[in-house]
Structure formats: structure tokens, C-alpha cells
Amino acid sequence: MTDSTAPRTVLLRRGRVHSAADPFATAMAVQGDRIAWVGSETAADAFAGAADEIVDLDGALVTPAFTDAHVHTTATGLSLSGLDLAGAASLPEALARIRAHARARPADRVLIGHGWDATAWRERRPPSRADLDRAAEGRPLYLSRVDAHSALATTALLDLVPGVRELPGHHPDGPLTGDAHHAVRRAADAALGPAERAGAQRAALRRAAALGIGSVHECAGPEISSEDDLAGLLALAAAEPGPRVTAYWGELVTNAKEAERIRELGAAGAGGDLFADGSLGSHTAHLRAPYADAADAAHTGAAYLTAEEIAAHVTACTEAGLQAGFHAIGDAAVDAVVAGVRAAADRLGADRVRALRHRVEHAEMTGEDAVAAFAEFALTASVQPAFDAAWGGEDGMYARRLGPDRARALNPFAALLRAGVPLALGSDAPVTPLDPWGGVRAAAFHRTPGHRVPVRAAFTAHTRGGWRAIGRDDGGVLAPGFVADYAVWQAGELVVQAPDERISRWSTDPRSRTPGLPALDPGAEPPVCLRTVVAGRTVFDLTSST
């Protein structure tokens with residue numbers, strides 16, 4: 001007679017298991033929500049008799065499931081199912097897409113779109129308000145830029161937001177930034193009904209699961225989403241099979257009561273998109289020296305937080321045992337974060353600050369001194385390699401905004417890794433798409449060769465790094481006792497790729513005992529996800545989804 005309360009045992013065999021515990025493993029046993037054993041095909045026979053399910057991998061690769069350490073779930077779902085301008089090649093094409101979307105959605109109170117990037121268009125200008133009014137046929141339309149730090153709005157949407165034309169960041173015929181942008185974004189968010197919101201969240205989580213992503217870090221906050229949006233997402237994730245959702249709420253904390261409110265929202269920390277500055281694409285990242293291409297030759301972006309505010313936030317969070325974090329892209333913003341964290345450490349002691357694993361999202365312009373400070377205070381750098389793939393290079397948007405010399409210094413992943421800074425990789429979806437293998441590839445083939453990291457290091461940052469970033473050390477690895485979050489892949493030959501060819505040659509030698517990964521050379525086809533499992537429960541199966 002079997003015990004119905006006993007954890008279910010699943011044996012996977014005849015495959016390739018990516019595990020440092022046994023680099024030559026071909027089999028893995030899962031008991032309940034934990035990995036019970038990893039080893040050879042011969043030893044797997046001992047588990048076969050007691051297994052509730054045996055999965056014949058037929059040569060497939062098993063890896064830890066990915067963690068995407070920075071997402072906006074609702075916005076990602078809306079871009080998957082709605083108006084996405086990321087692929088628009090010109091201003092006329094963008095306007096045509098807007099017009100078609102408006103006609104296809106006659107019942108929507110507010111039309112919502114995302115992803116325009118005028119730097120990629122031959123016209124090199126965004127749509128005017130008159131252009132948008134015509135394309136949307138006089139209806140309210142909110143259209144965020146690809147980086148989500150500025151937006152376009154029709155006259156009809158502006159008319160729904162009293163006083164918006166007097167707010168900082170309002171421009172009569174250009175993209176909205178700052179307070180004006182946040183005001184119209186709140187109006188657009190409020191127009192989403194519960195069913196539409198849940199549908200978008202469900203679409204995003206299902207897409208993540210289909211890509212081998214087992215957990216996401218939702219970066220919410222009063223200037224990027226809403227409390228209702230976050231509550232709905234957490235309820236959906238708890239009720240339906242899918243990736244784990246760890247939430248961050250981007251609001252300043254100054255005392256224990258405010259810290260407790262963050263916890264009551266269901267958030268793991270007061271961070272994520274707590275903005276110290278904006279973005280390079282929108283000319284709002286805070287720089288030490290002016291932008292190279294701004295209309296105002298003295299423009300250095302926007303500073304949303306002072307070092308004193310950052311210090312108070314880190315101090316209050318640390319005293320409450322709550323993880324803190326900040327969005328910081330420009331070098332002046334990173335300076336402010338470092339100064340604030342240092343002040344908090346001076347007050348509380350560096351060990352207390354380090355213990356909370358506070359985070360910095362993006363950290364793109366991180367120089368040598370900042371890298372050292374990140375290491376000193378154990379700050380996790382939550383980075384997005386796809387940003388470099390999209391906007392790096394000698395002719396990319398970064399070079400236009402900053403000039404080529406400053407642009408080459410961006411996203412120094414190798415320097416962060418060498419200094420011992422914890423890395424967690426993500427997409428910032430919908431800013432760049434959910435694409436974990438693409439993120440690993442972008443880190444390994446950074447447009448600036450000196451910033452490249454080995455594929456294995458990037459993969460670790462996209463798996464175990466995401467778990468460590470939320471303060472957990474029991475996930476992201478296939479080894480006994482770790483959580484059973486894993487993905488099964490159809491993949492070709494496994495190799496070890498690193499910037500130094502000597503490492504690559506040695507690591508493919510069996511004596512190195514280095515587990516391989518699929519080749520991710522530019523242009524190579526990525527692995528295909530066959531199954532994603534979270535806490536021992538299948539949340540995606542390719543055979544049942546086709």
C-alpha cells in the first residue's frame with residue numbers, strides 16, 4: 001500500500017544533466033519539490049523501482065530553470081498581445097500599426113502601446129501629437145518608448161489627466177518625461193479592467209515558462225505600475241501553475257512602519273524600479289558630463305534621488321531587515337547610490353548592510369571606483385546584457401548619446417565579475433524581450449570585447465544569480481537538496497565558451513570536469529525548451545502546448 005502523503009518521485013534518465021555536482025551526470029531524481037540525486041545512468045537503476053514517473057530524456061539537456069531578475073509582467077503581456085512598436089522600421093509604419101490597432105480595439109477606453117524607438121527610424125523623430133491624434137482617430141492613447149522612461153500621449157489622453165500640462169516633464173509636442181509621464185501612465189493603467197490585466201499577466205508568465213524561465217522578479221512601484229496591479233499578479237501566480245514571482249516595490253522607506261507596509265504589499269524588498277535616474281534613450285539617465293546629442297548642450301539628465309535620500313532608505317531598510325534597491329543607469333546616479341550606501345554603512349556597520357544583499361538595477365555606467373564599492377558592500381548588480389546587444393557598438397544609440405569613448409565603458413560585466421560583485425541577469429521586459437539564452441549570449445559576446453564573460457558565468461548569473469539576489473542560496477543549481485526548478489532542452493553539442501580561447505580548449509577536455517552548455521555563437525540557433533518544472537511541478541510542456 002502506498003502512502004498518498006509521500007512526496008512524488010520523478011526520475012529523469014538517458015540525458016545530459018548540467019550539474020557541477022557531477023559534470024558527467026545523465027540522470028536526476030526529484031522528490032517532491034527538491035532534487036534528491038544526480039548521477040550516472042547505471043546508478044539510476046536503483047531509483048527506477050520507487051519512481052512514480054520515469055522521464056526518458058532521449059539525449060535532452062537538463063539545466064536549472066532561468067530566473068529573469070527584472071521584468072514588468074503586465075506591460076510584457078500587453079506587448080505580447082497588443083500594440084508593440086519594437087519592430088516598426090519607420091515613422092509611417094509605426095503610425096500604420098497604431099491606426100490598425102485602434103480600429104481593431106473599438107471598446108478599449110485607453111489604447112496602450114509600447115516599444116517605439118525613433119533612433120532606429122530614418123526620420124529620427126517620434127510622432128507628433130497631431131500624428132498620434134490622427135492615427136488613434138481622436139481616442140486616448142498611451143505609447144511608451146522602448147526604455148519605458150518617456151511616452152507619447154494623444155490630446156484625448158492628456159485631457160483625462162487634470163493639470164498634466166503644468167507638471168514637470170510635459171512637452172507641448174514631444175515625449176513626456178518625469179512627473180507628466182508618470183501621471184499619464186497612471187491614467188492608462190487605471191483604464192485596464194481586471195480581466196484584461198489578468199490576461200496580460202497570464203500571457204507573460206506563460207511566455208516565460210515556455211522559454212525555460214522558472215522565476216521572475218517583478219519590479220513594481222507607484223511610478224511604474226500600481227498596488228492593484230501587483231496584488232493581482234501575486235494572486236494569479238499563487239493560484240495558477242507557472243513561474244515563481246518575487247516582487248519588489250519601488251518606494252522610499254524612512255522608518256519601520258513604512259518597511260512593514262512594503263511587506264504587506266507582498267514585496268520582498270523596497271527596490272527594483274526605485275528611480276535614482278531615468279534612461280539614456282530618453283536623455284534622463286543622470287550623467288557627470290553632458291549628453292553628446294542633447295538639444296541643450298549642458299543637459300546631464302535627471303536626478304530623482306539625492307545621496308541623503310538613498311542613505312536614509314538603505315538605513316531604514318537595513319534596520320528593518322528588508323532588502324533595498326535602486327534603479328541607477330548614469331554614472332552620476334551610480335555615484336549617488338554608492339555615496340548613500342556608504343553613509344548607511346558608516347552609520348550601521350558594513351556587515352549589517354552587506355547581509356541584506358541590497359540591489360542596483362541596470363548599473364550601466366559603473367566605473368572602477370563604483371565596481372569596488374559594489375564589491376565592498378555586497379551590492380547585487382541586476383543587469384540586462386540585451387541592452388548592449390540592442391544599443392551598444394560604435395554606431396549604436398549609446399554612442400550617439402554619450403560619444404564612443406564613454407559608450408565603450410558601459411555594462412562592464414567582466415570587471416564586475418572579477419571584483420566579486422554578485423550578478424543577476426534579466427531582460428527588463430518589455431524593454432527587451434524575454435529571452436534568457438539571448439541574454440547569456442549578449443553577455444558572452446558583448447560589443448566591447450573587454451567586457452565579455454564566459455558563457456558559464458553568464459549562465460550562472462541568469463540561474464543561481466537570480467536566487468542569490470533575493471537572499472536564497474538553495475536554488476539555481478541541480479544538486480541534492482536544491483529546489484526542483486529545472487528546464488529540459490533540445491540542444492546540440494555541449495561546449496565551454498569563454499573570452500580566453502585557452503580556457504575554452506582546456507574546459508572541453510574531460511579532465512577539467514567542467515559541465516558544458518550549448519554553443520551560443522552569434523547566429524547559432526538557441527536550444528528549444530521542451531519542459532519547464534517549478535518546485536517539482538510541470539508548468540510548461542512543449543508536447544501539450546502544440
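Here is a short chat about helix 11, a five-stranded sheet and D485 in a predicted model.

Colleague: How far does helix 11 reach from its first C-alpha to its last?

Modeller: Helix 11 runs over residues 331–348, which makes 18 residues. At 1.5 Å a residue, the expected reach is 26 Å. The model comes out close to that, at 26 Å.

Colleague: And which residue follows helix 11, with what sign of phi?

Modeller: The helix covers 331–348, and L348 is among its buried residues. Next comes G349, with phi near 100 degrees, so the sign by definition of that value is positive.

Colleague: What covers the buried residues of helix 11?

Modeller: The buried set includes V334, V337, V338, V341 and L348. Two strands are part of the cover, strand 15 (323–328) and strand 16 (359–362). The cover also includes helix 10 (307–319), helix 12 (350–355) and helix 13 (368–376).

Colleague: On to the open sheet: which strands stand at its edges?

Modeller: The sheet has five strands in the order 2-6-19-22-23, with mixed pairing. An edge strand has a single partner, so one side of it is left without a neighbour in the sheet. That describes strand 2 (16–17) and strand 23 (537–541).

Colleague: Which strands pair with strand 19, and over how many bridges?

Modeller: In the strand order, 19 sits between 6 and 22. With strand 6 (residues 61–64) the pairing is antiparallel, and V62 stands opposite V488. With strand 22 (residues 528–534) the sense is again antiparallel, and W489 has C529 as its bridge partner. The counts are four bridges to strand 6 and five to strand 22.

Colleague: What is the bridge partner of Y486 in strand 22?

Modeller: Y486 belongs to strand 19, which spans residues 486–490, and four of the five residues in that strand are buried. Its partner in strand 22 is V533.

Colleague: Is D485 buried or exposed?

Modeller: D485 lies in the loop between helix 20 (464–469) and strand 19. Its relative accessible area is 4%, and the cut-off for buried is under 20%, so D485 counts as buried.

Colleague: Which backbone nitrogen does the D485 side chain reach?

Modeller: Leaving out residues up to four places away in sequence, D485 touches P64, R244, W467 and V533, among others. A535 is also one of the residues touched. The side chain gets to 2.7 Å from a backbone nitrogen, that of A535.

Terms used. Residues numbered from 1 in each chain as written. Predicted model: local features only at pLDDT ≥ 70, side-chain atom pairs only at ≥ 80, totals over all residues. Heavy atoms only, no water. Expected span 1.5 Å × (residues − 1). Buried < 20%, exposed > 50% of the residue type's maximum accessible area, 1.4 Å probe, protein only. Contact = heavy atoms within 4.5 Å. Pairing = 2+ DSSP bridges. Polar contact = N/O pair within 3.5 Å; in protein donor to acceptor, adjacent residues only side chain to side chain.
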